[in-house]
Amino acid sequence: MRIYLAVLLIYGVQVACQYSFVALDQAPKAIFLTIWRKIILLIPLIFLLPHLWSDAVTGVYLAEPIADTIAVCTTAPMFYVTFGESAGMGGPGGGQRPDDGDREPPEMGDDTELPERPEQPE
């Protein structure tokens with residue numbers, strides 16, 4: 001059981017990034033990552049590892065943490081490439097948008113009119 005739960009902490013990274021893809025309108029990437037982890041990685045490992053391991057049951061139990069580790073090693077870079085620059089993670093652009101130069105914020109004087117607030121129904 002220790003082997004099976006060993007990867008639980010890093011699996012949280014995979015789940016968080018996968019749900020972030022869904023929340024940020026990147027559902028096809030999230031679907032790919034789900035299929036990648038459960039179908040492409042896990043099922044073949046379940047059939048392959050019992051033949052490579054001396055104890056077949058341990059081989060089956062090792063399939064899940066190995067699939068999770070490979071999935072995290074795929075998901076984290078994909079998340080970084082997709083959102084690293086815009087999230088300010090020091091990506092290729094250093095976390096700055098191209099239009100973030102040395103611009104000064106616009107000044108607002110006392111004579112600047114603010115838009116009227118619409119009345120709220122009671």
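1. Helix α4 bends by about 25° at Leu-62, and a proline, Pro-65, follows within four residues. The bend is the angle between axes fitted to the seven residues ending at a position and the seven starting there. Please keep in mind that this is a predicted model, where local features need pLDDT of at least 70, side-chain atom pairs count only at pLDDT 80 or more, and totals for chains, interfaces and linings use all residues. Numbering starts from 1 along each chain as its sequence is written, and side-chain values use heavy atoms, leaving out hydrogens and water.

2. Does the length of α4 fit or not fit its residue count? With 28 residues (56–83) at 1.5 Å a residue, α4 should span 40 Å, and its end C-alpha atoms lie 41 Å apart, which agrees. The expected span is 1.5 Å times one less than the number of residues.3. The buried residues of α4 include Leu-62 and Pro-65, along with Gly-59, Phe-79 and Phe-83. Buried means under 20% relative accessible area with a 1.4 Å probe, protein chains only. These buried residues of α4 pack against α1 (2–5), α2 (8–23) and α3 (27–52).

4. A nice pair to look at is α2 and α3: their axes come within 7 Å and cross at roughly 150°. Axes are lines fitted to C-alpha atoms over the stretch in contact, with angles from 0 to 180 degrees between N-to-C directions. On the α2 side, Tyr-11, Gln-14, Gln-18, Phe-21 and Val-22 meet α3 residues including Ala-30, Leu-33 and Arg-37; contact means heavy atoms within 4.5 Å.

5. Overall, the protein has four helices and zero strands; helices are DSSP runs of H or I with at least four residues, and strands are E runs of at least two, numbered from the N terminus. Buried residues make up 22% of the 122 residues.

Note on methods. Buried < 20%, exposed > 50% of the residue type's maximum accessible area, 1.4 Å probe, protein only.
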